[in-house]
Amino acid sequence: LGWLRARGVQVVARQGTAPPPGRFYGWLWRSILDPVVDRYVANSEFTRREVVAHGIAATKVETINNIAPRRATVAAAAARIPNRVIFVGQIIPEKGVDLLLEAAALVRARGLDLTVDIVGDIDGWEAPAYRGYHAAIRERASRDDLRGAVSLLGARDDVPSLLARSSLHCCPSRLEHREGFGVVVLEAKLAGIPSVVTRSGNLPDMIAHGQDGWICEDPAGAAVADGIEFFLRRPAELAAAGQAARQSAENYSEERFASAWAAVFADGRLEHSNALC
């Protein structure tokens, strides 16, 4: 990049994740990266805020929100399964699958016949730092208070169909995970179901609390249970939140995404720029 800058080539850096916090990374971004970048394009408002927090000029950083991955089309008339909650993501501690299972047990103990679909690779390789987590999830799901209520579906390609048959989506990521965007929340919106989320990274920016989802103030199983129970005990609010979620997905359309990126490269200052992705 230094060689390119010396030749007058301009650089756009697409930021798909937020920079790690801390003084070292602040120095690294300000002193090493920033001198060779003309413009940063963050994938979310959270990522943009974190870049600026490291001392990068706000005028150099803009946001173009991510879009959902292209998957098979879902029939609009997919039948909802009452009280079915779905999780989609990596089966690792940071994603909070264990928190969801504790929440599910609490909700069931309160008298709601809740069931849970867990979508994610639970049979594959585990990083050494996570070793035993898959087994712990299986063991928790097999206890008396959850036995028969949790389906460990593994990695699936039909995520839109699984979301469409669910009543509610839950993304219980721990705060330290610092979700850079939250693609699965967008997929839930497209499926017309609200999401119960924590305040991890960009997740709260995607939800209007009580309108198209629920933001848990405390990233613990009890707080997640309260959000789940709020909607499942109120069918009218659940249906309205699903409609609001689908409407809010328009803010993340492919058309907006393509138009915003076209504008980046249509900028006269960047007509002959390189893009660093």
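Val12 has Arg39 of strand 2 as its bridge partner. That bridge belongs to a parallel pairing of strand 1 (residues 11-15) with strand 2, which counts four bridges. The model is predicted. The protein as a whole comes to ten helices and ten strands. Its radius of gyration is 21 Å, close to the 19 Å that the globule rule gives for 277 residues, so the protein is as compact as a globular protein of that length.

**Overall build**

- The C-alpha trace spans about 65 × 40 × 30 Å along its principal axes.
- Buried residues make up 48% of the 277 in the protein.
- Take the contacts with a sequence separation of 6 or more: 71% of them come from residues 24 or more positions apart.
- The exposed surface is about 13,300 Å², and carbon and sulfur atoms supply 52% of it.
- There are 32 positive and 33 negative side chains. The centres of these two sets lie 2 Å apart.

**Strands 1 and 2**

- Strand 2 covers residues 39-42. Arg39 and Val41 point one way from it, while Tyr40 and Ala42 point the other way. All of these residues are buried.
- Gln15 sits in strand 1. Its relative accessibility is 11%, under the 20% cut-off, so Gln15 counts as buried.
- Gln15 touches Tyr40, Val41 and Ala42, leaving aside residues up to four places away in sequence. On the same terms, its contacts also include Trp29, Asn43, Thr47 and Val51.
- Arg14 is also a strand 1 residue. At 32% relative accessibility, Arg14 counts as partly exposed.
- The C-alpha atoms of Arg14 and Asn43 are 7.5 Å apart in space, with their positions 29 residues apart in sequence.

**Strands 4 and 5**

- Strand 4 and strand 5 run parallel, joined by five bridges.
- Within this pairing, Phe87 has Ile118 of strand 5 as its bridge partner.
- Five of the five residues of strand 5 (residues 115-119) are buried, so strand 5 is largely enclosed by the rest of the structure.
- Thr115, Asp117 and Val119 point one way from strand 5. Val116 and Ile118 point the other way.

**Helix 7 and its cover**

- Helix 7 spans residues 183-190. Six of its eight residues are buried, so helix 7 is largely enclosed by the rest of the structure.
- The buried residues of helix 7 are Val184, Val185, Leu186, Glu187, Ala188 and Lys189.
- Their cover includes three strands: strand 4 (84-88), strand 7 (168-171) and strand 8 (195-197).
- Helix 6 (159-164) and helix 9 (235-248) are also among the covering elements.
- Just after helix 7, Gly192 takes a positive phi of about 80 degrees.

**His169 in strand 7**

- His169 has its place in strand 7. Its relative accessibility is 0%, so His169 counts as buried.
- Not counting residues up to four places away in sequence, His169 touches Val184, Val185 and Ala188. These three are among the buried residues of helix 7.
- Other contacts of His169, counted in the same way, are Ile86, Leu163, Ile193, Pro194, Ser195 and Val196.
- His169 and Pro82 are 87 residues apart along the chain, and 13 Å separates their C-alpha atoms.

**Positive phi outside glycine**

- Most residues other than glycine have a negative phi.
- Asn83 departs from this, with a positive phi near 60 degrees. Asn83 lies in the loop between strand 3 (61-63) and strand 4.
- With a relative accessible area of 19%, Asn83 is buried. The cut-off for buried is under 20%.
- Arg178 also has a positive phi, near 50 degrees. Arg178 is found in the loop between strand 7 and helix 7.
- At 22% relative accessibility, Arg178 counts as partly exposed.

Notes:
Residues are numbered from 1 along each chain as its sequence is written. This is a predicted model: local features need pLDDT of at least 70, side-chain atom pairs count only at pLDDT 80 or more; totals for chains, interfaces and linings use all residues. Side-chain values use heavy atoms; hydrogens and water are left out. Helices (H or I, at least four residues) and strands (E, at least two) are DSSP runs, numbered from the N terminus. The radius of gyration is taken over C-alpha atoms; the globule rule is 2.2 Å times the number of residues to the power 0.38. Buried means under 20% relative accessible area, exposed over 50%, partly exposed in between (1.4 Å probe, protein chains only). Contact means heavy atoms within 4.5 Å. Accessible areas come from the Shrake-Rupley method with a 1.4 Å probe; for residues, only the protein chains shown count as cover. Lys and Arg count as positive and Asp and Glu as negative; His and the chain ends are not counted. The place of a charge is taken as NZ of Lys, CZ of Arg, CG of Asp or CD of Glu. Two strands pair if DSSP finds at least two bridges between them.
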